[in-house]
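Reader: I would like to learn to read this model feature by feature. Where do we begin?

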Amino acid sequence: MNHKTTILALTVLLSACSMTSEAGKTEHAITNKEKKTMSNTEINPKLTPKELLTKLLTLLKKAESVDDFTPQRLEQVFGVPIVTDEEDSSSYGFGERVTKDWNYSFSVNTNPLLRNKQFLLSFDWQGDKSIAHPEMTAVCGMKFDEFVEKAEAIGFSAKPIYVKGNIFRGGDLSNGRLRIQIRTAAEHDWDERGQGKACIESMRVYSI
C-alpha cells in the first residue's frame, strides 16, 4: 500500500494501549503467539472505515485549504486523539487496527519543503505479505463510487484515472480549492478493477 508514514506506528501504538485481552493485559503484553490467534471480534476500532470516510467528507465540506486541517479540527471532526510524530514534528495524525490484518492511518504533513501541505490516508494490509491481492471487504465499507457521489454532492467534480491497458485505477476530484487523488484496488482478488467494484486504497488531499 502507498502513503505509509511514521505516524502509523505511533498511532497504532496509541490505540493498542486501550486494547486489553480477557486477562486484562494490554496489547503490549500479549505474546506473539496470542497475537497470531487474536480474532477480529477482540478488535474494536474507534472508527470503522465507513465512519472514517464519512467524517472525512464532513471535513472536506467546509475546508478552504489543507491549512484548515489543524490537529484541533481533526480531533473535532474525527473524534480521535491526534498524535504528533516524535521524529518529524511537521507530521501529525492518527491510525489504528481495524482487523487483525488491516490498519488505517491518516496524517497531515506540513513540512515547509513540500510545495503544498498534504493530507494522506491509507488502508494498510498487515497480514500475509505473500498475498498479492488481499481481500479488501473489511476496509471497503464505503466503495469508491459512493465516496465520489457524496463528494460531488458537496461541490467536487470527479474524473476517473486509467493506467496502461485502460485499467481503472482511481479518481481525481476537485472543488476549485482542494484536489483529491484517490487510488483504488479490487475488493476481491478475482474482481476486475471496474469502477463499481473499486475499494479506496489510499488518497492524497492538497490545496490547489
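**Reading the fold**

Author: Begin with the elements. The protein chain has five helices and eight strands. This is a predicted model.

Reader: In what order do the elements of the protein chain run from the N terminus on?

Author: The order is α-α-α-α-β-β-β-β-α-β-β-β-β. Then look at burial and contacts. Of the 208 residues in the protein chain, 44% are buried. Take the contacts with a separation of 6 or more: residues 24 or more positions apart account for 57% of them.

Reader: Now the sheet. What is the order of its strands?

Author: The eight strands form an open sheet, ordered β1-β2-β3-β4-β8-β7-β6-β5, and the pairing is antiparallel. The edges are β1 (83-84) and β5 (157-163), each of which pairs on one side only.

Reader: How many bridges hold β1 to β2?

Author: Two bridges, in the antiparallel sense; β2 spans residues 91-97. To place the pair, find V83, which stands opposite G93 in β2.

Reader: How many bridges does β8 make with β4, and how many with β7?

Author: β4 and β8 pair over five bridges, antiparallel. One residue pair to look at is F119 and its bridge partner in β8, V205. β7 and β8 also run antiparallel, joined by nine bridges. There, A185 has C199 of β8 as its bridge partner.

Reader: Is β8 mostly covered or mostly open?

Author: Mostly covered. Nine of the 10 residues of β8 are buried. Keep the general rule in mind when you look at a sheet: in a regular strand, side chains alternate between the two faces.

Reader: Which strands does helix α4 touch?

Author: α4 (residues 71-78) packs on the sheet and touches β2, β3 (102-109) and β4. The direction of α4 makes about 145° with that of β3.

Reader: And which strands does α5 lie across?

Author: α5 lies across β5, β6 (167-174), β7 (178-186) and β8. Relative to β6, α5 runs at about 20°.

Reader: How do I read the two sides of α5?

Author: Sort the residues by burial. F144, F147, V148 and A151 of α5 are buried. These residues cover an arc of only 100° around the axis, so they sit on the same side of α5. E149 and A153, on the other side of α5, are exposed.

Reader: What do the buried residues of α5 pack against?

Author: Their partners are α3 (49-62), β5, β6, β7 and β8. Then check what follows the helix. After α5 comes G155, with a positive phi near 110°.

Reader: Next, covalent links. How many disulfides does a search of the whole structure find?

Author: One. This disulfide joins C140 to C199, with an S to S distance of 2.1 Å. C140 is in the loop between β4 (118-125) and α5 (144-153), and C199 is in strand β8 (residues 198-207), so the disulfide ties together parts 59 residues apart in sequence.

Reader: Why is the disulfide of C140 and C199 called left-handed or right-handed?

Author: Read the torsion about the S-S bond. For C140 and C199 the torsion is about -100°, so the disulfide is left-handed.

Reader: Are C140 and C199 buried or exposed?

Author: Both C140 and C199 are buried. Remember that C199 is also the bridge partner of A185.

Reader: Which polar contact should I look for at E201?

Author: First place the residue. E201 is in strand β8. With a relative accessible area of 8%, E201 is buried, because buried means under 20%. Now the contact: the side chains of E201 and R183 are joined by a polar contact of 2.8 Å.

Reader: And W102: why does W102 count as buried?

Author: The relative accessibility of W102 is 2%, so W102 counts as buried. W102 belongs to strand β3.

Reader: What lies 3.3 Å from a polar atom of the W102 side chain?

Author: The backbone oxygen of E135. Then look for a neighbour that is distant along the chain. W102 and V139 are 37 residues apart along the chain, yet their C-alpha atoms are separated by 7.6 Å.

Definitions and conventions:
Residues numbered from 1 in each chain as written. Predicted model: local features only at pLDDT ≥ 70, side-chain atom pairs only at ≥ 80, totals over all residues. Heavy atoms only, no water. Disulfide = S-S within 2.5 Å. Helix = DSSP H or I, 4+ residues; strand = E, 2+ residues; numbered from the N terminus. Buried < 20%, exposed > 50% of the residue type's maximum accessible area, 1.4 Å probe, protein only. Pairing = 2+ DSSP bridges. Contact = heavy atoms within 4.5 Å. Axes fitted to C-alpha atoms, helices over the stretch in contact; angles between N-to-C directions. Arc of directions from axis to C-beta. Polar contact = N/O pair within 3.5 Å; in protein donor to acceptor, adjacent residues only side chain to side chain.
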